[in-house]
Amino acid sequence: LPTIDDLTMRQREILQLVAEGFSAKEIADQLKVSHRTIEFHKSKIMEQLNLHTTAELVKYAITHGLVVAS
């Protein structure tokens, strides 16, 4: 099974920002890339981790300590 260790640093960064509640556009502005680039990364992350929804992505990030649930 793929794990968080299989993600690139950029993918982890994007996963963390998504889990913190930022939109693709907000993340794109912050990282100085297009929102389509963020959407591409997000879909690749979901594919690699076999996740199907943003909610699953957020849960995964929390479970693996990328963000702390508030």
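These exercises work through the helices of a predicted model and how they pack.

Residues are numbered from 1 along the chain as its sequence is written. In this predicted model, local features need pLDDT of at least 70, side-chain atom pairs count only at pLDDT 80 or more, and totals for chains, interfaces and linings use all residues, while side-chain values use heavy atoms, with hydrogens and water left out.

**Exercise 1. Describe the chain as a whole.**

Step 1. Take the secondary structure. The chain has 4 helices and 0 strands. Helices (H or I, at least four residues) and strands (E, at least two) are DSSP runs, numbered from the N terminus. The pattern along the sequence is α-α-α-α.

Step 2. Check the size. The C-alpha trace spans about 30 × 25 × 20 Å along its principal axes. A compact globule of 70 residues would have a radius of gyration near 11 Å, and the chain agrees, at 11 Å. That radius is taken over C-alpha atoms, and the globule rule is 2.2 Å times the number of residues to the power 0.38.

Step 3. Look at burial. Buried residues make up 34% of the 70 residues. Buried means under 20% relative accessible area (1.4 Å probe, protein chains only).

**Exercise 2. Find the buried residues of α1 and their partners.**

Step 1. Helix α1 covers residues 9-19. Its buried residues are Q11, I14, L15, L17, V18 and A19.

Step 2. These buried residues pack against α2 (24-31), α3 (35-49) and α4 (54-63). Contact means heavy atoms within 4.5 Å.

Step 3. Read on past the helix. Just after α1, G21 takes a positive phi of about 100 degrees.

**Exercise 3. Work out how α4 packs against α1 and α3.**

Step 1. Start with α1. The angle between α1 and α4 is about 110 degrees, with their axes 9 Å apart. Axes are lines fitted to C-alpha atoms, for helices over the stretch in contact, and angles run from 0 to 180 degrees between N-to-C directions. The two helices are therefore roughly perpendicular (65 to 115 degrees).

Step 2. List the residues. L15, V18 and A19 of α1 meet T54, L57, V58, Y60 and A61 of α4. They divide into 7 nonpolar, 1 polar and no charged.

Step 3. Turn to α3. The axes of α3 and α4 come within 11 Å and cross at roughly 70 degrees. That makes α3 roughly perpendicular to α4.

Step 4. K42, I45, M46 and L49 of α3 make the contact with T54, L57 and Y60 of α4. This contact has 5 nonpolar, 1 polar and 1 charged.

Terms used
Buried < 20%, exposed > 50% of the residue type's maximum accessible area, 1.4 Å probe, protein only. Parallel < 35°, antiparallel > 145°, perpendicular 65-115°, else oblique. Nonpolar A, V, L, I, M, F, W, Y, C, P; charged D, E, K, R; others polar.
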